[in-house]
Amino acid sequence: MSDDNDDIRNAVRIAKGASSNVDSPSAKFMNEYREDTWDHPFDSRTRLLNTKTGLDPRNDFATLELSKNGDNGVHVHSIMALDKGRGQGRQALQYLTNLADKHGVDLHGIAKSFGRDRGLNTAKLKDWYKRNGFQVDRSGNMIRKPVKGED
């Protein structure tokens with residue numbers, strides 16, 4: 001577990017001293033993310049992703065709030081399904097992990113719930129991220145390294 005915590009601390013240290021390269025993996029990730037999503041009409045920090053669950057095209061969206069974190073990292077501030085319990089959060093996270101793998105980007109953030117009525121509690125949220133390939137420490141700090149595909 002010590003290695004997991006070291007990876008998380010390293011990601012935080014790198015993010016604090018982040019440089020800004022337009023051609024960096026994280027910049028390419030963020031450009032594609034902006035192309036694939038829409039501005040949220042009520043919150044300029046979040047974007048809408050069509051999760052394409054096919055259940056109801058009017059409600060097949062999740063909101064995402066991300067930021068570039070250095071040349072090789074993206075910070076996941078929040079993922080929220082608009083209709084709870086329909087797989088939209090899972091679809092949004094799958095989109096992010098696929099995009100991170102494509103661009104070779106680390107995903108990191110803090111697994112912490114928004115509150116009682118806004119989705120999973122913190123313990124379930126930590127488990128959810130762990131099931132989806134993230135290393136999560138006791139405090140909720142999390143990181144997911146990109147998975148390299150076979151060439």
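**Strands, helices and core of the predicted model**

L49 lies in strand β2, which covers residues 47-50. The structure described here is a predicted model. With a relative accessibility of 6%, L49 counts as buried, because the cut-off for burial is under 20%. Several parts of the chain meet this residue. Beyond its neighbours within four places in sequence, L49 is in contact with D36, T37 and W38. Its other contacts on that basis are D60, F61, A62, L64, A92 and Y95. Y95 is 46 residues away from L49 along the chain, yet the two C-alpha atoms are separated by 9.1 Å.

Helix α2 comprises 12 residues, 25-36. From first C-alpha to last it reaches 17 Å, close to the 16 Å expected at 1.5 Å a residue. Its buried residues are S26, A27, F29, M30, E32 and Y33. An α-helix has 3.6 residues a turn, so residues three or four places apart point the same way. In α2, both F29 and Y33 are buried. The cover over the buried residues of α2 includes strands β2, β3 (61-68), β4 (73-81) and β5 (106-110), together with helix α3 (88-103).

F29 and Y33 also belong to the largest nonpolar core, which has 25 residues. They are among the residues with the most contacts inside this core, as are L66, I79, L96, L107 and Y129. At least two core residues come from each of α2, β3, β4, α3 and α4 (122-131). Helix α3 gives the most, with six residues. In soluble globular proteins, nonpolar side chains tend to be buried together. The contacts of I79 can be listed in turn. Not counting residues up to four places away in sequence, I79 touches T63, L64, G89, A92, L93 and L96. W128 and Y129 complete its contacts on that basis. A92 is thus listed with I79 and also with L49.

Strand β5 is largely enclosed by the rest of the structure, because four of its five residues are buried. β5 pairs with two strands named here, β4 and β7. The pairing with β4 is parallel and has four bridges. Here V74 stands opposite L107 of β5. Between β4 and β5 the chain passes through α3, and this β-α-β crossover is right-handed. Strand β7 (residues 141-144) runs antiparallel to β5, and four bridges join the two. In this pairing, H108 stands opposite I143 of β7.

Conventions: Residues are numbered from 1 along each chain as its sequence is written. This is a predicted model: local features need pLDDT of at least 70, side-chain atom pairs count only at pLDDT 80 or more; totals for chains, interfaces and linings use all residues. Side-chain values use heavy atoms; hydrogens and water are left out. Buried means under 20% relative accessible area, exposed over 50%, partly exposed in between (1.4 Å probe, protein chains only). Contact means heavy atoms within 4.5 Å. The expected span of a helix is 1.5 Å times one less than its number of residues. A nonpolar core is a set of buried Ala, Val, Leu, Ile, Met, Phe, Trp, Tyr and Cys residues joined through side-chain atoms within 4.5 Å. Two strands pair if DSSP finds at least two bridges between them. A crossover is right-handed if, with the strands pointing away from the viewer, the path from the first strand over the helix to the second runs clockwise.
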